[in-house]
Amino acid sequence: MADSNNNRRKFMATTLQSVGLTALGGLLWSGYSDEVKASPLVLRPPAAIEEEDFLKACIKCGLCAEACVNRDSNKNTDGSQRDGTLIMAKGGDHKMIGTPFFIPTEIPCYMCDDIPCVPVCPSGALDMKSVLNKENELDINLARMGLAVVHKESCVAFWGIQCDACYRACPIQGEAITIEHQKNDRTGKHAFLLPIVHSDICTGCGLCEKACITEEPAIFVLPVEEATGRAGNHYVKGWDMKDQLRVKDAKEIHTVDERSDKKASDYLNMEVEY
Amino acid sequence: MKNIKYLLLRRVSQFTILFLYFGANAYGWHMLEGTFGASRLFGFIPLSDPYMVIQVLASGFVLGVDVLLGALIIILFYMIVGGRAFCSWVCPINMVTDLANWLRRKLNLDKEEINYRFIKRRARYWIMVLGIIVSAVVGVAAFEVLSPITIMQRGIIFGFGAGIAVVIAIFLFDLFGIKNGWCGHLCPLGATYSIIGKTSLIRVDHNHENCTNCMDCKVVCPENQVLYMINKESIMVTDGECTNCGRCIDVCNDDALEFNIRNFIKK
């Protein structure tokens with residue numbers, strides 16, 4: 001009797017210990033996994049699906065990076081291999097380990113016509129459909145790896161110095177980056193030649209960033225999510241017939257909250273507390 | 001030479017496989033491309049890691065057909081032929097933990113009875129299930145954020161970076177921590193292959209008539225609980241946790257152990 005009691009106590013204790021240690025491990029593991037996937041400033045290969053899903057889907061096989069480095073166009077004149085654009089994140093890169101990314105200032109994406117990195121993806125992390133045009137052909141111009149952003153204050157073109165390195169480096173020249181002429185009032189006789197990025201065309205390849213002449217590039221690629229804002233659905237362009245159609249059947253809505261009984265001039269003049 | 005036959009064969013197998021993977025990136029070979037997560041054999045046969053696939057599915061992403069087919073091929077291969085052979089014939093971490101284990105014996109660390117008993121061999125199955133749960137909760141394949149196996153493999157193919165620290169950590173853990181700590185207690189991939197490989201045909205066979213009870217096999221075996229029949233019964237090692245590494249066969253001087261094909265028909 002005493003023996004079976006002992007056994008039961010021992011069994012309870014070891015079970016509790018196993019469950020407890022598993023719970024401890026689960027908490028640490030979850031916390032760690034959640035932290036390592038939080039690295040928003042990362043540029044993915046062409047046709048990558050949305051980052052949140054990409055982190056789930058990427059099976060870390062490296063087939064995209066291998067296709068990138070071994071593509072025919074990636075050879076020096078003596079036939080030797082150059083480094084590829086795509087890097088497989090390793091410890092110390094501070095990106096989700098094992099996932100592909102690229103750094104434009106090191107090696108930008110050269111936007112191959114046949115996009116060798118995309119069709120090899122077995123998992124669906126790179127979605128070939130997103131880079132197929134109407135004729136069902138691969139079209140790298142449809143890729144949205146990121147969006148180039150110009151920092152006016154460090155771009156020498158905005159100082160009035162003539163530089164169009166980014167404009168010339170751009171693979172979709174004259175479309176993704178255009179040069180806008182503006183009068184230079186400081187000198188009175190020169191013009192500003194300002195690079196303007198068009199977000200509907202820019203693929204985020206990073207050739208502009210690589211070409212930029214300033215010490216830290218004044219034009220650089222950010223993930224599209226980070227480089228764009230959103231006005232929201234409640235703005236309707238009154239001058240745009242198509243946009244007007246969105247509110248064709250709209251009904252009036254009355255929102256009632258604490259401010260509703262006050263006059264607008266009253267609550268706008270109050271201290272901020274809503 | 002006789003007593004390192006399978007050891008040598010295994011090293012040849014591990015190095016060849018890793019070299020083919022390495023060459024796929026470095027020289028553009030099409031023999032074996034990718035990594036363990038997903039590979040292509042001869043440029044068209046998909047292969048993929050079943051545990052990885054389960055984690056990704058748990059995280060809520062429906063994988064491409066190629067990857068699912070690849071996992072099926074791998075599962076069938078180890079189920080029918082290999083058993084847990086991935087661990088001892090393919091996995092690069094095996095070389096690290098084998099080295100740690102060998103050093104343990106040379107440094108007499110096993111005799112010192114440093115015994116961390118709170119980690120049992122079955123912990124790996126808990127970890128395997130936990131990994132799937134964590135994948136579902138966090139929304140990312142959880143084992144892959146720290147797996148020393150793929151970190152080491154990618155290290156060899158694409159360069160290590162700070163990832164080498166994980167490999168060193170495993171080495172130190174197995175050397176100064178728990179004997180066979182990683183491969184025999186914690187690794188959830190090994191646990192997966194233990195389950196998959198349970199039914200495989202290639203097995204170590206014990207002939208108890210020849211056995212002189214020297215116990216050399218139990219000393220070298222990384223999963224020596226599977227050798228419970230030594231000098232007791234003439235039966236096969238059918239436990240899924242046996243990695244089919246063949247070290248026991250190598251060290252046996254009495255021809256009491258040999259690889260054999262399991263016969264399910266006659267019983």
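This is the transcript of a short group-meeting talk on the structure shown above.

Good morning. Please keep in mind throughout that the structure is a predicted model. I shall take the salt bridges, then the sheet in chain B, then the largest pocket, and finally two backbone details.

I begin with the salt bridges. Over all chains, the count comes to 14 salt bridges. One of these lies in chain A, where the side chains of A:Lys37 and A:Glu52 come together at 3.6 Å, N to O. What does this pair tie together? A:Lys37 sits in the loop between helix 1, residues 2-36, and helix 2, residues 51-57, while A:Glu52 belongs to helix 2, so the contact ties together parts that are 15 residues apart in sequence. As for the surroundings of the two partners, A:Lys37 is buried, at a relative accessible area of 13%. A:Glu52 is partly exposed, at 42% relative accessibility.

Chain B offers a salt bridge between B:Arg84 and B:Glu223, with the closest N and O atoms 2.8 Å apart. This pair links distant parts of the chain, for the two residues are 139 residues apart. B:Arg84 is in the loop between helix 3, residues 65-82, and helix 4, residues 85-90, of chain B. B:Glu223 is in the loop between helix 11, residues 216-220, and helix 12, residues 247-251. Are these two residues buried or exposed? B:Arg84 is buried at 1% relative accessible area, and B:Glu223 is buried at 2%.

B:Glu223 has a further partner. Its side chain meets that of B:Arg124 in a salt bridge, again given as 2.8 Å, N to O. Here too distant parts of the chain are linked: B:Arg124 lies in helix 6, residues 123-138, of chain B, and the separation from B:Glu223 is 99 residues. B:Arg124 is buried, with a relative accessible area of 0%. Which residues does the resulting network contain? Salt bridges with shared partners join B:Arg84, B:Arg121, B:Arg124, B:Glu223 and B:Glu241 into one network.

I turn now to the sheet. Chain B has an open sheet of three strands in the order 1-2-3, with antiparallel pairing. Strand 1, residues 32-34, and strand 3, residues 45-48, stand at the edges with a single partner strand each, so one side of each has no neighbour in the sheet. From one strand to the next, the twist averages 25°.

Let us go through the pairs of strands. Strand 1 and strand 2, residues 38-41, of chain B pair in the antiparallel sense over three bridges. Within this pair, B:Gly34 stands opposite B:Ser39, and B:Leu32 stands opposite B:Leu41. A hairpin connects strand 1 to strand 2 through three residues. Strand 2 and strand 3 of chain B are likewise antiparallel, over four bridges. There, B:Ala38 is opposite B:Ser48 in strand 3. These two strands also form a hairpin, with three residues between them, and B:Phe42 in the turn has a positive phi of about 55°.

The next topic is the largest pocket. How much space lies in it? The figure is about 1,100 Å³. The lining consists of 39 residues, and those closest to the centre are A:Gly25, A:Trp29, B:Ile127, B:Leu146 and B:Leu186. Which element gives the most to the lining? Helix 1 of chain A does, with 11 residues. The elements giving two or more residues are helix 1 of chain A and, from chain B, helix 6, helix 7 (148-158), helix 8 (164-176) and helix 9 (181-186). By class, the lining has 25 nonpolar, nine polar and five charged residues.

I close with two residues that have positive phi without being glycine. In A:Lys60, phi is near 60°. This residue lies in the loop between helix 2 and helix 3, residues 63-69, of chain A. A:Lys60 is buried, with 1% relative accessible area. The second is B:Asp255, with a positive phi of about 55°. B:Asp255 is found in the loop between helix 12 and strand 5, residues 257-261, of chain B. B:Asp255 is exposed, at a relative accessible area of 54%.

Thank you for your attention.

Key: Residues numbered from 1 in each chain as written. Chains lettered and ligands numbered in written order. Predicted model: local features only at pLDDT ≥ 70, side-chain atom pairs only at ≥ 80, totals over all residues. Heavy atoms only, no water. Salt bridge = Lys/Arg side-chain N within 4 Å of Asp/Glu carboxyl O. Buried < 20%, exposed > 50% of the residue type's maximum accessible area, 1.4 Å probe, protein only. Pairing = 2+ DSSP bridges. Axes fitted to C-alpha atoms, helices over the stretch in contact; angles between N-to-C directions. 1 Å grid on protein atoms, 1.4 Å probe; cavity = no way out; pocket = protein on both sides within 12 Å on 5 of 7 lines; lining within 4 Å. Points joined across faces, edges and corners; volume = space filled by probe spheres on them. Nonpolar A, V, L, I, M, F, W, Y, C, P; charged D, E, K, R; others polar.
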